[in-house]
Amino acid sequence: MAVSLVLGGLRKRLLSPYPFIRRLISTLVLAEHEGGLVKPSSMSSVAAARAISEENPISILLGGTGPTLQEAASHAASFHPSISQVLIADSEKLKHPLAEPWADLIHLVQGKGGYSHIIAASTSFGKNVMPRAAALLDVSPITDVTTISGPQLFVRPIYAGNALCTIRYAGSDPCMLTIRPTAFPLSSMTSGRVSDTAAISQVDLSTFSEESNGKSRWLNHTSQETECPDLGNARIIITGGRGLKNAENFKLIEKLAHKLGAAVGATRAAVDAGYCPNELQVGQTGKIVAPELYIAFGVSGAIQHLAGMKDSKTIVAVNKDEDAAIFQVADYGLVGDLFQVIPELLEKLPEKK
Ligand code: FAD
């Protein structure tokens with residue numbers, strides 16, 4: 001099913017009333033970084049910017065403070081020739097992913113750069129910051145975009161991925177998008193040279209400090225130490241559902257993932273029952289993933305779960321109920337008891353080197 005709608009009533013700059021006047025496209029990518037490297041999800045935003053137009057000068061906006069910010073800027077500048085400049089906003093206020101100062105920063109940078117498009121990945125950070133920045137800029141953001149067909153035409157899934165909605169953006173600049181990183185793999189990026197080396201420059205933050213007195217305060221950050229790859233970037237994901245029955249049994253999933261060098265995923269039922277932490281949840285209200293191989297054990301295949309994994313390249317399902325909905329999306333299905341299948345796999349698979 002496809003639904004079409006037109007967003008926004010104001011036709012200011014994005015839709016030129018004079019067809020002979022070609023509008024200028026330029027995109028600002030809000031990038032996340034960690035350990036001196038731009039995160040892969042933000043690189044996918046660059047791939048999305050390339051899909052808007054091949055003649056699209058791309059500016060990357062990086063914020064934070066300290067030496068890793070400079071390292072991330074060098075990484076961004078050399079990432080792809082279509083990147084024309086890297087903007088660094090060096091401020092203590094941007095040290096943490098709080099939406100208020102970051103939205104203020106986007107507002108400030110857009111005021112100076114006048115970009116036609118602003119893109120961020122649909123990560124927790126992007127989903128938090130972009131609507132707030134869009135409100136400051138008085139435009140309607142388009143979220144979770146999976147296909148870009150030019151500067152104004154976008155596709156996004158609705159109803160937990162059961163329908164695709166095609167949106168023609170007819171609002172004023174900037175057109176603000178969050179994109180689903182798995183839909184814009186780096187391999188989809190065409191080459192093309194807009195600039196030889198991206199210039200790195202500092203954003204003038206002289207007016208920023210007074211503007212950004214948000215009401216939120218950063219308290220702390222907790223993360224689990226794990227040897228497994230991150231769910232968002234993993235090539236293989238092994239997911240456990242309520243069929244695992246308890247947290248002790250869920251360790252079978254972790255053991256198998258460890259042997260295969262895979263990330264661990266879970267259904268919401270498994271998370272709610274306390275088998276594993278909620279950062280492992282895949283689905284509509286969890287992470288959206290599209291690995292090369294997705295293996296689901298004891299997962300029924302509810303639409304909310306399928307919404308997060310059905311774009312995986314190869315799906316394998318093991319379930320003792322032959323009528324389980326997961327078999328409808330599985331490339332390979334095994335009707336069987338996971339408590340027999342996983343120990344057999346663990347025995348037959350070689351030890352990880
Ligand atoms: P169940 O549906 O209980 O399925 C367990 C399966 O295990 C069954 O198919 C059973 O046959 C099988 N099984 C049992 N024992 C064995 C065995 N020994 N060997 C093999 N198979 C066995 N869910 C998500 O996953 N992600 C989301 O993001 C998400 N978001 C939601 C948002 C909303 C607004 C709502 C309303 C729901 C959401 N849900 C989400 C919940 C979703 O509807 C399902 O309840 C959930 O996905 C079911 O998880 P499950 O498949 O693990 O459990």
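Ten helices and 18 strands: that is the secondary structure of this chain. Keep in mind that this is a predicted model. The chain has 353 residues, and 49% of them count as buried. Its accessible surface comes to about 17,600 Å². Carbon and sulfur atoms hold 52% of that surface.

Now contacts along the chain. Take the pairs of residues at least 6 apart in sequence. Of those contacts, 70% join residues at least 24 apart.

Next, the domains. The domain assignment gives two entries. Domain 1 covers 27-186 plus 196-202. Domain 2 covers 236-348. How far apart are the C-alpha centres of domain 1 and domain 2? They lie 32 Å apart.

So what passes between the two? Five residues of domain 1 are in contact with eight residues of domain 2. The size of an interface is often given as the accessible area lost when the parts come together. Here, domain 1 and domain 2 bury about 540 Å² between them. Of that area, 57% is on carbon and sulfur atoms. Which residues of domain 1 lose the most area to domain 2? A160, R180 and T182 do. Together they account for 76% of what the domain 1 side buries.

Let's go inside. In soluble globular proteins, nonpolar side chains tend to be buried together. The largest nonpolar core in this chain has 63 residues. Four of them touch the most other members: L62, L105, I106 and L177. Which helix gives the most to this core? Helix α3, residues 99-113, with seven residues.

Look at L62 for a moment. Set aside residues up to four places away in sequence. L62 then touches a list of partners that includes A31, H33, V38, L69, V86, I88 and W102. There is also a second, separate core, with 23 residues. Among its members are I238, L244, A257 and V264.

Back to α3. This helix has 15 residues. From its first C-alpha to its last it reaches 21 Å, close to the 21 Å expected at 1.5 Å a residue. Is α3 mostly covered or mostly open? Mostly covered: eleven of its 15 residues are buried. Those buried residues include W102, L105, I106 and V109. Charged names are on the list as well: E100 and D104 are buried too. Just after α3 comes G114, with a positive phi of about 55°.

Compare that with helix α1, residues 40-52. Its 13 residues should span 18 Å at 1.5 Å a residue, and its end C-alpha atoms are 19 Å apart, which agrees. Why call α1 largely enclosed by the rest of the structure? Because eleven of its 13 residues are buried. Among them are M43, V46, R50 and I52.

Two single residues now. I200 sits in strand β13, residues 199-202. It counts as partly exposed, because its relative accessibility is 42%, and partly exposed means between 20% and 50%. Apart from neighbours within four places in sequence, I200 is in contact with A73, S74, A77, V86 and I88. I200 and S59 are 141 residues apart along the chain, yet their C-alpha atoms are separated by 9.7 Å.

Q328 is the other one. Its place is in helix α9, residues 326-329. Q328 counts as exposed, with 69% relative accessibility. Q328 and A247 are 81 residues apart in sequence, and their C-alpha atoms are 27 Å apart in space.

Last topic: the backbone. Most residues other than glycine have a negative phi, and most peptide bonds are trans. Where do we find a cis peptide bond here? Between D173 and P174, with omega about -5°. P174 lies in the loop between β11 (163-169) and β12 (175-179).

Then there are two aspartates. D138 has a positive phi of about 60°, although it is not a glycine. D144 also has a positive phi of about 60°, and it is not a glycine either. Their settings: D138 lies in the loop between α4 (124-137) and β8 (142-145), while D144 lies in strand β8. Which is buried and which is exposed? D138 is exposed, because its relative accessible area is 62%. D144 is buried, because its relative accessible area is 19%, and the cut-off for buried is under 20%.

Conventions. Residues are numbered from 1 along each chain as its sequence is written. This is a predicted model: local features need pLDDT of at least 70, side-chain atom pairs count only at pLDDT 80 or more; totals for chains, interfaces and linings use all residues. Side-chain values use heavy atoms; hydrogens and water are left out. Helices (H or I, at least four residues) and strands (E, at least two) are DSSP runs, numbered from the N terminus. Buried means under 20% relative accessible area, exposed over 50%, partly exposed in between (1.4 Å probe, protein chains only). Contact means heavy atoms within 4.5 Å. Accessible areas come from the Shrake-Rupley method with a 1.4 Å probe; for residues, only the protein chains shown count as cover. A nonpolar core is a set of buried Ala, Val, Leu, Ile, Met, Phe, Trp, Tyr and Cys residues joined through side-chain atoms within 4.5 Å. The expected span of a helix is 1.5 Å times one less than its number of residues. Domain bounds come from an automatic or database domain assignment. Buried area is the accessible area (1.4 Å probe) that two parts lose on being put together, summed over both.
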